[in-house]
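I sat down today to look up how the helices and strands of this model pack together. Here are my notes, in the order I made them.

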Amino acid sequence: MSRLTLAATLAITVSAAALSMPASAQDLVTRTLVGLPDAPNTLTFRLTAFDLYSSDDATREGFEALFTDFILARPDWKIETQLQTASIGQEQARILQQTLAGRGPDCAMIDSSQLALFKENGVLQPMNAVFSDEEVADLFPYVRDAVTNEDGDVLAWWWFTDLRVLYRDTSVVPDAPETWEELKAAALTAADAGKEGILFNGGRWEGTAFDWLANFWAQGGRLVEDEGVPVFAEGENREKFLAAVAYVQDLVESGAAPQRVSSIVNYDAFNAAAAAGTAAMFIGGNWQYGQLRNTLPEEDFANWAVSELPGPTADQRATGTGGWTIASLSDDPEKAAICGEIAKEIYAGPGNALQGLLPTSAALYEQYDAYEGPEFELFAEALQNGVSRPGAAIYPEISNQIQILLGDVLSGSSTPEAALDAAAEAVQGAFERL
């Protein structure tokens, strides 16, 4: 079932149900509320702007239908929605601080990179009543380990995973680059033809650190030891880290990438460049394939292809596997259950298929026709080289320092070596305060 077909089917179902309700109850989704204002029970839900409030009309309308269907089945509840900004690290820190102070939301989307920090602080409430043992067992192993504790409690539901791939306009770059050297050469050729050779996130946000880390991981680099001790600036890890920094620095200095990458903090910038016909290649998320298909004219979209991220050699590949979780921050069992049901009934499954996001449960790939396209074969193959961010409480600060480091290096205000030393010192200080 296509994204638009699913949304239309859901909308028809919901509209039929709404006909039997008073007129005042038919518009159940606003910018801050799902449900009737006078419903006796309230759940506060802090979510991202990528689905229910998406700028993409089809995505927004599909999720409006899903949320309407959900709340029609629970007329005694209303959901007060609170939007997070694109500053992932800052937003997640704010949620944690507010929760520790007793002022947090009842339910929230938590980036998978931040989940270990929330677990470490003991603020996640079990949602065992919602998820069966069989459903937990069907999760990918790295996902299952992340969302459960030693007692087997389900502390969050990681509802989609993702990966980073290389997008290229085949009319400009016909062959998929397999190495860093090949990518640079293709990007320089495209730049000579008046295109932006390669675009990637380079501004200060989590996407920049995560996308860049694939270059470090492809060499076998490690951010932390098994015990969570940061080691990225030591020994062989230091050499691999500096090699990965030098790679992106050279892309900018050579002109293969434009200087503006140092300020890009949103994947939408790549879609816009593709639509404008200005970019030859970009490093983006798997979900952007569906966005491009729905945005570009058919003849233009036909030129775009995806391939695995290049590595220092053709045999050294890695891609970051990320995604978002939904977790209960309320110790009220009813609210914890509603939070888990939002994750299960809206996002994990229907929401995945609606947006073409990769499920974390193997069974869902067989359940939805949305995963039959040839691109999903490539995504599945690339996931074999997938690396998830370490489940260590220090990771958010490591990411923060990588963002600062890359900004300083790409802007020319610091050398890679000096920037790495400063990052290591800051991370070590934060680690000692944990």
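Is the crossing of H8 and H9 left-handed or right-handed? I found it right-handed (clockwise turn of the near helix from the far one by less than a right angle; anticlockwise would be left-handed).

A word on the source: this is a predicted model, where local features need pLDDT of at least 70, side-chain atom pairs count only at pLDDT 80 or more, and totals for chains, interfaces and linings use all residues. Residues are numbered from 1 along each chain as its sequence is written, and side-chain values use heavy atoms, with hydrogens and water left out.

I next looked up the helix pair itself. Helix H8 (residues 206-217) packs on helix H9 (residues 235-254) at about 125 degrees, the axes being 8 Å apart. Helices (H or I, at least four residues) and strands (E, at least two) are DSSP runs, numbered from the N terminus. Axes are lines fitted to C-alpha atoms, for helices over the stretch in contact, and angles run from 0 to 180 degrees between N-to-C directions.

For the contact (heavy atoms within 4.5 Å), I noted Trp212, Asn215 and Phe216 on H8. From H9 I listed several partners, including Phe241 and Tyr247.

Then I turned to the sheet. I traced an open sheet of 6 strands in the order S1-S3-S2-S4-S10-S5, with mixed pairing (two strands pair if DSSP finds at least two bridges between them). Strands S1 (33-34) and S5 (157-158) each have a single partner strand, so one side of each lacks a neighbour in the sheet. S4 (residues 107-111) and S10 (residues 324-328) pair in the antiparallel sense over 5 bridges. There I saw Ile110 opposite Thr325 in S10.
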